[in-house]
Every structure is written in C-alpha cells, then in structure tokens.
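Thanks, everyone. I have one structure to walk through today, so please look at the screen.

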Amino acid sequence: MLRRTLTTVAAATAATTLAGCSTGIENGALPSTPEITNHTGTIISLWNGSWIAALAVGVVTWGLILWAVAVYRKRKDDTQLPMQTRANVPLELMYTVVPLLMIGVLFTWTARGIAEIKDVSAEPDLQIQVIGKQWSWDFNYLSDDVHSIGVQAQLTGEEGVEETLPTLYLPVDENVEFILDSRDVIHSFWIPAFLYKEDTIPGKTNVFQVMPTQEGTYQGKCAELCGEYHASMLFNVKVVSREEYDAYIESLRAAGQTGAIGLEYSRDQAIRIGIEESE
Ligand SMILES: [Cu+2]
C-alpha cells in the first residue's frame, strides 16, 4: 500500500515537473535561460530569489521541527506529562515579525519588478494590436498599417499544424507596444518564452511593452480558459531581423491586407474576412 502511494506521488511529481518543461524553461527550478526579452532577466532573478528564500526558510523550519522531535521525544522512563506552558511573548513576537519581514521583502522585489515590466512610458518603436477571439488571434501592425487574421488551428494530432498557425512577426531589438483587445470573452496573450502574459478583455484595452532580444521562433498560447476550443488558440512568434520583418510586412501589403481589422466584427465575420483574404 505504502509503495503504491509512493509510486503515485512520484509519478504525479514527475508529470508536474515535465509539464513545466513544455513552457520553454527547461533548466528546472532555477532557470538561467539567456535573455530572450529585455524583461526576462528581471523575471528570472525574481523567480530564483524567491525560490532561494523559500528554501532557506524551509531548511530552518524543517531543522527546528526535527530538532524538537529528537530532543523532546518521550523517553522510556517518562511517566508524566512534560511541563505545560502557556504564553511566550518573545517567541510570539518573533513568529509575527519574521514572516512580516519576509513578506515585506518579497512584496518589495515583486512590486519593483512589476513596475519595471509594466512601464509603458518609453516611446515604442512599433505598435501592434492583438485581438483575441474564439479561437484564434488577429494582429494589426498599426505602425505599418497592415493586418493578419488568424483562423482556428485544427488540432488533429497530425504533424504540420504549426505551419498553419497565425504567426506574429517581431523585429529583434525593437521596443514593441502591444495593445490587447478581445472580440468576445476574456483571453490571455501568452508567449511562454517571454515569461509574460496579459489578458485581452472585451471593452478594456491592456497595453504593455517588450523588446525581444533574441531571434528565433517561439510558441504562443491563450492562457485564459475561453471556451470549447481554448486549447486550439495557438500562434507562432517569429523574432526576426528588421529586413525580414519588412519583407513580411510587404508580403501582407502585396496580399491586400492593408489597414487594421476593427473590433466591430464578430469572430465569425473576422474569420470569414481572413479566409477571403488568404484565397
Ligand atoms: Cu482564448
């Protein structure tokens, strides 16, 4: 029975750990991935710092527990209850003040990191509007006056789906301002490798800035359960050189996908426009 329980626990732990790997951070609890955006360094040090602090607290707590268990265990010749004590003011003050200090430190570092990541006061190099919809994404390259419309991925289990996904192009080392909107329900725009996600909310526009610093192809997902085909709400992100980015923008322009697709369309109307444009 015990062995079966242990096997189950081990399997569950392995499954959780492996599931964590699919986000692109594959170095375990203390990742040291290279800078993928101008924010990943801040986020990773916050993550690692929190883990190290939590481990230090854990080691002290486990140590005290084991020490108390060993030193104050019931011995053979113990026939009476040990001395019963009531209050211990210094101890109670200690275990109130120390956690407050720990939370204060975590709060300060988190608030500082968030303020840095959420800062949108810089002049962006380009603006891209992202529109979430059941169950795909539309991208309006506002600074270049072109757009692309996503059609829901068909997850059949066969290979080759990735090539059919809507793809977001970003020029490397340029500060992108994302303007996030939704056509229907709440979605969440998530590029796992960027270590950041933000909701797209109908009737409310969220804005954030990020500068990708490493060329490559990344996965994008919806991170807010948004209906039946939430799992199909995938996209690719290609961080490319300025020249490649310009070439892509030109290909959209050549295909007649000029201007921005508005929020006034339902998801079905937007998808129909997208299908017409791709034909
Ligand atoms: Cu969604």
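Start with the metal. Four protein atoms serve as donors to the copper ion: ND1 of His187, SG of Cys222, SG of Cys226 and SD of Met233. They lie 2.1 to 2.5 Å from the copper ion. Keep in mind that this is a predicted model.

What is the geometry of the copper site? It is tetrahedral, with angles of 91 to 126° among the four donor atoms. Along the sequence, the donor residues follow the spacing H-x34-C-x3-C-x6-M. Take His187 and Cys226 from that set. This pair links distant parts of the chain, 39 residues apart. His187 sits in strand β6, residues 187–191. Cys226 sits in the loop between β9 (216–222) and β10 (235–240). Are these two buried or exposed? His187 has a relative accessible area of 0%, so it is buried. Cys226 has 5%, so it is buried as well.

Next, the charges. In general, side chains of opposite charge can pair when their charged atoms come close. The count here is seven salt bridges. Which residues make up the network? Lys133, Asp138 and Arg183 are linked in it. Lys133 meets Asp138 with the closest N and O atoms 2.6 Å apart. Arg183 meets Asp138 at 2.8 Å, N to O. That second pair spans 45 residues: Arg183 is in the loop between β5 and β6, and Asp138 is in strand β2. Lys133 counts as buried because its relative accessibility is 0%. Asp138 is also at 0%, and therefore buried. Arg183 is buried too.

Now compare a bridge in a helix. Glu250 and Arg253 form a salt bridge, with the closest N and O atoms 2.8 Å apart. Both lie in helix α5, residues 242–254, three residues apart, or about one turn of the helix. Glu250 is partly exposed at 45% relative accessible area. Arg253 is partly exposed at 33%.

On to the aromatics. The whole structure holds 15 aromatic pairs. One of them is Tyr196 with Phe208, a tilted pair: 4.9 Å centre to centre, 55° between the planes. Tyr196 is in strand β7 and Phe208 in strand β8 (residues 206–210), twelve residues apart, so this pair too links distant parts of the chain. Both rings belong to buried residues. Tyr196 and Phe208 are also members of one aromatic cluster, together with Trp137, Phe139, Phe178, Phe189 and Phe235.

A few backbone points. Where is the cis peptide bond? It joins Gln134 and Trp135, with omega at about 0°. Trp135 is in the loop between β1 (126–133) and β2 (136–141). Two non-glycine residues to check are Asp173, with a positive phi of about 60°, and Leu195, also with a positive phi of about 60°. Asp173 lies in the loop between β4 (167–171) and β5 (176–182). Leu195 lies in the loop between β6 and β7. Asp173 is partly exposed at 47%, and Leu195 is partly exposed at 23%.

Last, the surface. Val57, Leu91, Met94, Tyr95, Val98 and Met102 form a nonpolar patch, with about 510 Å² of accessible area together. Which element gives the most to this patch? Helix α3, residues 89–117, with five residues. Tyr95 is in that helix. At 51% relative accessibility, Tyr95 counts as exposed, because the cut-off is over 50%.

That's the tour. Over to you.

Notes. Residues are numbered from 1 along each chain as its sequence is written. This is a predicted model: local features need pLDDT of at least 70, side-chain atom pairs count only at pLDDT 80 or more; totals for chains, interfaces and linings use all residues. Side-chain values use heavy atoms; hydrogens and water are left out. Patches are made of residues with over 30% relative accessible area and no salt bridge: like charges are joined within 9 Å, nonpolar side chains (Val, Leu, Ile, Met, Phe, Trp, Tyr) within 5 Å. Accessible areas come from the Shrake-Rupley method with a 1.4 Å probe; for residues, only the protein chains shown count as cover. A salt bridge is a side-chain nitrogen of Lys or Arg within 4 Å of a carboxyl oxygen of Asp or Glu. Helices (H or I, at least four residues) and strands (E, at least two) are DSSP runs, numbered from the N terminus. Buried means under 20% relative accessible area, exposed over 50%, partly exposed in between (1.4 Å probe, protein chains only). Donors are N, O and S atoms within 2.8 Å of the metal (3.2 Å for Na, K and Ca); water is not among the atoms, so sites may look incomplete. Four donors count as tetrahedral if all angles lie between 85 and 135 degrees; four count as square planar and six as octahedral if opposite donors are over 155 degrees apart and all others between 65 and 115; anything else is irregular. Rings of Phe, Tyr and Trp (its six-membered ring) pair if their centres lie within 6.5 Å; planes under 30 degrees apart count as stacked, over 60 as edge-to-face and the rest as tilted.
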